[in-house]
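Student: I have a new structure open and I don't know where to start. Can we go through it feature by feature?

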Amino acid sequence: MPRAHGKRRRPVTARNDKPSAAPALPLPPIHVNGQEKIIIDADALSGVARGKLGKSSADTRRRINHFHTLIKEYSKLGAKRSQSQDPEAVAAIDEQITAVSREMAQMGGLDWYQKASLLGQSKQRGGDTSRWLVPKLRELNLDKRDDKLRMLDVGALSRLNYAKERTWIDVTPIDLNSQEPGIYQQDFLDIELGQRPDTDLNAEDGQHDDGDGGNSDDGDDNGKPAGNPKNEILCRLQTPFHIICLSLVVNFIGDPVKRGDMLRQAARLLAPEGLLFLVLPLSCVTNSRYLDDDRLLAIAAHLQFEQLFVHHTAKLAHYLYRLRPMSRACNADTGH
């Protein structure tokens, strides 16, 4: 009797693949300018089965949520380790870090997370959040400006999200772990406007290729940017942005203090009356002891943002804020 097709769901692997011995201890958390970098040992990734994407939106969402939980635990352990001076306590924490790191590796690591997130923004899974933002920008008549809107898309999953709007939006997509050539590899919290183009950046050569989704006007005839990508990203970071997108990015940070740093950094990098597009999982504001819409509005007001639009779907909470005039200079001077 032939097998039912629905049961063939195992990932394709070589028959002689076997888990290797326990992986080497991962490096402890590294802090760069206050932002924690997650270190997952390459041996752990090669020694366990790669995580597979969910077969349904619910399954993918469950896996992503679990990965978020692991990130928060990793962040807490890193904070405890940095504060402890007892060698025995540090050794015990390192063992816990190893366990969390290995579980993230078993799920596929950060590469898996980003691929799962890409699947989650497909049309079959509800679409990408840029499709909510664009109509709001048109409602504000920003598509009728004489010059292009300069947008910084943080944690970008695809360079094509705003490709349809390239005649009036100039996008600079960045991510810590770029998954495609059209996205600059850049730490958002490390950005300082006005750096000289010869300054060394944490970016890999060849990490940016505008292609059809890029919006740079300084490329060659094939649509590819000319020159070194390290210098190109610096050139793009010379002046404040009109829009900064933090779509499903802030919730990825395990430390609440660093989440606040993300919002403060956005205020510093925006031009006066610039826009902040913030997207969070709905549960962050409806099922949290620490945050709801009113609390988020108060935080935004403290950073000199006024709320223009708010919209909740079954899964996500969308917010569009506008920076009050002269607020960027104030935020830059005070650090608040």
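Tutor: Let's begin with a single residue: Leu-248 has a relative accessible area of 32%, so it is partly exposed. Here, buried means under 20% relative accessible area, exposed means over 50%, and partly exposed is in between, using a 1.4 Å probe and protein chains only. Bear in mind that this is a predicted model, where local features need pLDDT of at least 70, side-chain atom pairs count only at pLDDT 80 or more, and totals for chains, interfaces and linings use all residues. Residues are numbered from 1 along each chain as its sequence is written, and side-chain values use heavy atoms, with hydrogens and water left out.

Student: Where is Leu-248 found?

Tutor: Look in the loop between E6 and H7. Those labels are DSSP runs numbered from the N terminus: helices are H or I with at least four residues, and strands are E with at least two. Leu-248 also has a positive phi, about 55°, even though it isn't a glycine.

Student: Which loop holds Asn-141?

Tutor: The one between helix H5 (130-139) and E3. Asn-141, which comes after H5, has a positive phi near 60°. Its relative accessibility is 46%, so Asn-141 counts as partly exposed.

Student: What about H5 itself: which of its residues are buried?

Tutor: Ser-130, Trp-132, Leu-133, Val-134, Lys-136 and Leu-137. A handy idea: an α-helix has 3.6 residues a turn, so residues three or four places apart point the same way. The buried residues of H5 pack against E3, strand E4 (169-175), E6, E7, strand E8 (305-312) and E9.

Student: How many helices and strands does the protein have?

Tutor: There are 10 helices and nine strands. The protein has 336 residues, and 44% of them count as buried.

Student: How do I check the length of a helix?

Tutor: Take 1.5 Å times one less than its number of residues, and you have the expected span. Helix H7 (residues 256-269) has 14 residues, so it should span 20 Å, and its end C-alpha atoms are indeed 20 Å apart. On H7, the buried residues are Lys-258, Met-262, Leu-263, Gln-265, Ala-266, Ala-267 and Leu-269.

Student: And how do I read a core?

Tutor: In soluble globular proteins, nonpolar side chains tend to be buried together. A nonpolar core is a set of buried Ala, Val, Leu, Ile, Met, Phe, Trp, Tyr and Cys residues joined through side-chain atoms within 4.5 Å. In this model the largest one has 35 residues, and those with the most contacts inside it are Leu-152, Phe-188, Ile-244, Leu-246, Leu-276, Leu-278 and Phe-305. Two or more residues each come from strand E3 (149-154), strand E6 (241-247), H7, strand E7 (270-281), helix H9 (293-302) and strand E9 (316-323). H7 gives the most, with five residues. Another core, of 19 residues, lies apart from this one, and includes Tyr-162, Trp-168, Val-171 and Phe-277.

Student: Which residues is Phe-188 in contact with?

Tutor: Contact means heavy atoms within 4.5 Å. Setting aside neighbours within four places in sequence, Phe-188 meets Leu-152, Val-154, Ile-174, Ile-244, Leu-246, Met-262, Gln-265, Ala-266 and Leu-269.

Student: How many cavities of 30 Å³ or more are there?

Tutor: Rolling a probe the size of a water molecule over the atoms shows where empty space is left. A cavity is a set of points, on a 1 Å grid over the protein atoms alone, where a 1.4 Å probe fits but cannot get out, and lining residues have an atom within 4 Å of a point. Points are joined across faces, edges and corners, and the volume is the space filled by probe spheres set on them. By this rule there are two cavities of 30 Å³ or more, and the largest holds about 40 Å³.

Student: What lines the largest cavity?

Tutor: Leu-263, Leu-276, Leu-278, Leu-296, Ile-299, Ala-300, Leu-303, Phe-305 and Tyr-321 do. H9 supplies the largest share, three residues. The lining has nine nonpolar residues, no polar and no charged, where Ala, Val, Leu, Ile, Met, Phe, Trp, Tyr, Cys and Pro count as nonpolar, Asp, Glu, Lys and Arg as charged, and the others, Gly among them, as polar.

Key:
On a 1 Å grid over the protein atoms alone, a cavity is a set of points where a 1.4 Å probe fits but cannot get out, and a pocket is an open set with protein on both sides within 12 Å along at least five of seven lines; lining residues have an atom within 4 Å of a point.
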